[in-house]
Amino acid sequence: MTKNKNLDVLVVGGGPAGMNAALVFGRALMNTVIVNEEKPRNLVTQASHGFLTRDGFHPSEFLQVAKKQLEQYVTVNYKMDVVKQVDKTEIGFKVKTNDGTEYQTKRIVFATGYKDDLSKLGLIGIEKVYGKTVFPCPFCDGWERRNEPLALFGKDEGVGHFAKTISNWTDDLIIFTNGKKPIRNEEKENLKKNNIKVVEQEILKLISENGNLKEIKLADGNSIKRTGGFLFSTGEKQSTDIPAKLGVEFGDWGGTYLTNEWGKSKVDGVYIVGDAKNNFTGVIGSASEGSYVAEMITQEIIGERWVS
């Protein structure tokens with residue numbers, strides 16, 4: 001078992017939020033460790049979009065660049081591992097990782113994001129197209145699917161409203177509810193006025209070739225050709241329940257952890273940013289949150305050290 005000296009802050013998670021937080025901590029001379037499993041939610045995608053100067057980068061390439069740029073900041077140490085336990089102490093938190101390493105830190109930033117559980121969707125064949133031609137976010141991947149015949153898969157209330165957003169990228173959109181009826185008749189009429197069809201039949205399977213969606217085969221024997229699509233839900237859930245075990249409350253929407261606007265929870269010393277705070281943030285939004293929380297925490301630490 002390896003024991004490390006006390007830290008100013010430990011960052012859990014190495015996506016854009018966690019890595020950008022570590023960057024700001026490094027530049028502020030904060031003694032920091034970032035622990036990252038390197039199994040991000042977006043690893044299935046072919047490219048990340050919407051981040052100026054990094055538009056089209058693969059998530060793994062983004063991580064490698066981030067790790068390289070952190071090397072010059074001697075107060076920051078990067079560790080590929082998983083945080084398995086966090087216990088409160090008199091001076092902060094004791095953190096244990098899978099390989100037996102222990103850290104003592106006053107503050108923890110959880111940038112752990114969400115994980116997808118596609119098995120909850122009941123869509124046979126979704127794993128073959130997810131991240132290739134079917135996605136959760138039109139702002140991330142809508143441009144690549146522009147003007148195509150698209151599917152929107154969703155069986156929960158709100159899918160009709162999401163269709164309104166997706167319609168920005170295509171004039172040929174069909175909602176597939178897979179046997180459920182989450183859309184009220186009045187909403188169906190509005191969708192119809194905007195040339196959006198609703199198919200409520202159960203889906204037998206998605207037919208694809210090399211990750212390219214070809215058609216949706218329905219249980220009634222019919223098939224509808226589509227070349228791509230979006231998911232209203234990915235069966236998403238928090239990647240870790242450690243903040244909850246520490247006493248962080250959940251918000252009212254989507255199982256997100258409850259914090260103030262910049263990520264500070266009601267549990268002293270625990271901060272949440274990125275998807276864990278918002279459910280879905282996007283690459284550039286997550287990086288921004290990581291930067292902001294690090295600035296605010298640094299200000300807190302400076303205030304504690306200041307002698308007046």
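1. Start with D81: this residue is buried, as its relative accessible area is 10%. For the cut-offs, buried means under 20% relative accessible area, exposed means over 50%, and partly exposed lies in between (1.4 Å probe, protein chains only). D81 makes a salt bridge with K79, with 3.7 Å between the closest N and O atoms. A salt bridge here is a side-chain nitrogen of Lys or Arg within 4 Å of a carboxyl oxygen of Asp or Glu. The partner is covered too: K79 is buried, with a relative accessible area of 16%.

2. Before you read on, a word on what you are looking at. This is a predicted model, where local features need pLDDT of at least 70 and side-chain atom pairs count only at pLDDT 80 or more, while totals for chains, interfaces and linings use all residues. Residues are numbered from 1 along each chain as its sequence is written, and side-chain values use heavy atoms, with hydrogens and water left out.

3. Now the overall build. The protein chain has nine helices and 18 strands; helices (H or I, at least four residues) and strands (E, at least two) are DSSP runs, numbered from the N terminus. Along the principal axes, the C-alpha atoms fill a box of roughly 70 × 35 × 35 Å. The radius of gyration of the protein chain is 22 Å, and a compact globule of 308 residues would have one near 19 Å, which agrees. That radius is taken over C-alpha atoms, and the globule rule is 2.2 Å times the number of residues to the power 0.38. Of the 308 residues in the protein chain, 50% are buried.

4. Back to charge pairs. Side chains of opposite charge can pair when their charged atoms come close. The count for this model comes to 15 salt bridges. One of them joins the side chains of R41 and D275, at 3.2 Å from N to O. This pair links distant parts of the chain, 234 residues apart: R41 is in the loop between β2 and α2, and D275 is in helix α8 (residues 275-278). Both R41 and D275 are buried.

5. Compare a pair with another setting: K245 forms a salt bridge with D241, and their closest N and O atoms are 3.8 Å apart. K245 is exposed, with a relative accessible area of 66%, and D241 is partly exposed at 41%. Elsewhere, R107, K264, E300 and E304 are joined into one network by salt bridges that share partners.

6. The loop between β2 and α2 deserves a look of its own. β2 covers 32-36 and α2 covers 59-70, with K39 in the loop between them. E38 lies in that loop as well, and E38 has a positive phi of about 65° although it is not a glycine. T53 is another resident of the loop between β2 and α2; its phi is also positive, about 80°, and T53 is not a glycine either. T53 counts as exposed because its relative accessibility is 61%.

7. Which residues form a positive surface patch? They are K39, K115, K120 and K237. Patches are made of residues with over 30% relative accessible area and no salt bridge; like charges are joined within 9 Å, and nonpolar side chains (Val, Leu, Ile, Met, Phe, Trp, Tyr) within 5 Å. Lys and Arg count as positive and Asp and Glu as negative, with His and the chain ends not counted. Each charge is placed at NZ of Lys, CZ of Arg, CG of Asp or CD of Glu. Accessible areas come from the Shrake-Rupley method with a 1.4 Å probe, and for residues only the protein chains shown count as cover. Within the patch, K39 is exposed because its relative accessibility is 56%.

8. A few spacings to check on screen. S265 sits in the loop between α7 (242-245) and β18 (270-272) and is buried, at 7% relative accessible area. From S265 to V248 is 17 residues in sequence and 6.5 Å in space, C-alpha to C-alpha. G285, in helix α9 (residues 283-305), is partly exposed at 23%. G285 and G50 are 235 residues apart in sequence, with 9.5 Å between their C-alpha atoms.

9. Last, N222. Where does N222 lie? In the loop between β14 (212-218) and β15 (223-225). N222 counts as partly exposed, at 46% relative accessibility. N222 and H49 are 173 residues apart in sequence and 35 Å apart in space, C-alpha to C-alpha.
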